[in-house]
Amino acid sequence: MSGQVYSLCSPGQGLSCFACCPPIRPPGYDHAAHRGSLTRLLSENTAAIKRGELPQGEMTGYWCPGLGFLDSRGHRVGCLLHPALNQGQDRRGPTGYREKCARESCAPARAFAALSPGAQSVLIDLCAGMDSFTFSSPTHNPVMRLLAFGPTVAGAVAGLGPASLEELRAWSWLDEIEPARGWLLGQAQAVWGGEALRDPGLAGRIADLHQRVAAGLGPAPPHDAGEPLAALCDEWQARYWRAASGRRRARPAEVERWKVLVQAVLRD
Ligand code: SF4
């Protein structure tokens with residue numbers, strides 16, 4: 001792929017994501033499961049906004065009346081009221097979501113932003129030709145599932161240069177390992193080598209590793225003391241420690257001990 005990749009939301013190559021539109025959906029909700037009804041709504045809404053009809057009143061539910069088709073063939077879905085499409089004028093006010101939309105971010109997008117341009121291109125090239133329903137969908141797009149594991153794992157996979165989307169789809173660990181264990185997986189592949197990501201038994205190896213690490217952390221204290229984990233390490237590592245320890249806070253020395261523990265278990 002040539003050219004600069006800007007963000008996972010709109011990374012070029014005719015791709016766009018609308019998974020977080022509107023930003024009030026429950027976990028696990030996937031637009032792709034409602035493609036038929038949403039396609040009708042998107043067509044009607046695109047025509048209404050073209051006629052200059054803006055949404056009336058604040059909206060609730062899983063549908064945002066700012067959404068529409070960005071191209072004439074109905075391939076790309078996005079916000080028709082966004083300033084990027086309206087000569088800098090932000091027309092999202094009537095949806096009631098403007099501030100929330102502006103703040104919205106997701107783990108895959110943050111992981112993607114942390115990748116090198118070369119790694120971004122490898123992953124985006126795998127998505128070539130997807131329409132927005134497919135590109136946005138963690139069910140249908142294994143690249144979205146991969147990015148949820150964080151930038152270390154996604155970067156390592158990009159470094160392996162998977163030949164096709166089909167190869168990625170065949171990696172069952174993308175479904176079997178909790179994304180919250182992405183930091184641990186990143187540590188493991190650094191020791192085991194990137195080819196471990198092609199191992200059909202990888203999910204079992206990570207489950208075993210996680211069990212041994214969690215056992216070594218010991219019981220959580222009755223009162224969560226220390227600093228927020230997010231202040232002591234990056235978001236991917238903090239996410240793993242929260243899942244493994246059940247704690248939201250720790251002392252810096254504890255986190256250091258936990259990291260040494262992971263390396264010791266990996267060497268074992
Ligand atoms: S779900 Fe993530 S990648 Fe998709 S539009 Fe929202 S922030 Fe961007």
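So, C79: leaving out anything up to four places away in sequence, C79 touches G66, L67, L70, L85 and R92. C79 sits in strand 2. Keep in mind that this is a predicted model. Is C79 buried, exposed or partly exposed? Its relative accessibility is 21%, and buried means under 20%, so C79 counts as partly exposed. One more thing on C79: P22 is 57 residues away along the chain, and the two C-alpha atoms are separated by 9.8 Å.

That brings me to P22 itself. P22 is in the segment before helix 1, the helix that covers 35–50. Look at the peptide bond going from C21 into P22: that bond is cis, with omega near -10°. As background, most peptide bonds are trans, and most residues other than glycine have a negative phi.

Sticking with the backbone, there are a couple of positive phi values to look at. Q13 isn't a glycine, yet its phi is positive, about 55°. Q13 also lies in the segment before helix 1. With 36% relative accessibility, Q13 is classed as partly exposed. Then there's Q87, again not a glycine, with a positive phi of about 50°. You'll find Q87 in the loop that runs between strand 2, residues 77–79, and helix 2, residues 98–103. Q87 has a relative accessibility of 79%, so Q87 counts as exposed.

Okay, the ligand. Which residues are around it? They are L8, C9, C17, A19, C20, C106 and A109. If you sort that shell by class, you get seven nonpolar residues, no polar ones and no charged ones.

Let me use C17 from that shell as a ruler. H223 is 206 residues from C17 in sequence, and C-alpha to C-alpha the two are 41 Å apart in space. H223 is in the loop between helix 11, which is 202–217, and strand 3, which is 227–228. Why does H223 count as exposed? Because its relative accessibility is 66%, and the exposed class is anything over 50%.

Now go to the helices. Helix 4 spans residues 117–126, and its buried residues are A119, Q120, S121, L123, I124 and L126. What covers them? The cover includes helix 3 (107–113), helix 5 (132–136), helix 6 (142–147), helix 7 (151–160) and helix 8 (165–169).

Helix 10 is the other one I'd pull up on screen. Helix 10 is residues 182–192, and there the buried ones are G182, W183, L184, L185, G186, A188 and Q189. Helix 7 turns up again here: the cover over the buried residues of helix 10 includes helix 7, helix 9 (173–176), helix 11, helix 13 and helix 14 (252–267). Right after helix 10 comes G193, with a positive phi near 100°.

From helix 13 I picked out Y240; that helix is residues 235–245. Y240 has a relative accessible area of 0%, so Y240 is buried. What is Y240 in contact with, once you set aside its neighbours within four places in sequence? The list is A180, R181, W183, L184, H210 and V213. Two of those names, W183 and L184, are also among the buried residues of helix 10. For a long-range distance, take Y240 and R73: they're 167 residues apart along the chain, with 42 Å between their C-alpha atoms.

Let me zoom out for the whole chain. How many helices and strands are there? The protein chain has 14 helices and four strands. Along the principal axes, its C-alpha atoms fill a box of roughly 65 × 45 × 30 Å. Of the 268 residues in the protein chain, 44% are buried.

On contacts, take the ones in the protein chain with a separation of 6 or more: 62% of these are between residues 24 or more positions apart. For the surface, the chain exposes about 13,100 Å², and 53% of that comes from carbon and sulfur atoms.

Last item, charges. The protein chain has 28 positive and 25 negative charges, and the mean positions of the two sets are 3 Å apart.

Definitions and conventions. Residues numbered from 1 in each chain as written. Predicted model: local features only at pLDDT ≥ 70, side-chain atom pairs only at ≥ 80, totals over all residues. Heavy atoms only, no water. Helix = DSSP H or I, 4+ residues; strand = E, 2+ residues; numbered from the N terminus. Buried < 20%, exposed > 50% of the residue type's maximum accessible area, 1.4 Å probe, protein only. Contact = heavy atoms within 4.5 Å. Areas by Shrake-Rupley, 256 points an atom, 1.4 Å probe, with all protein chains shown as cover. Lys, Arg positive; Asp, Glu negative; His and termini not counted. Charge placed at Lys NZ, Arg CZ, Asp CG, Glu CD. Near = heavy atom within 4 Å. Nonpolar A, V, L, I, M, F, W, Y, C, P; charged D, E, K, R; others polar.
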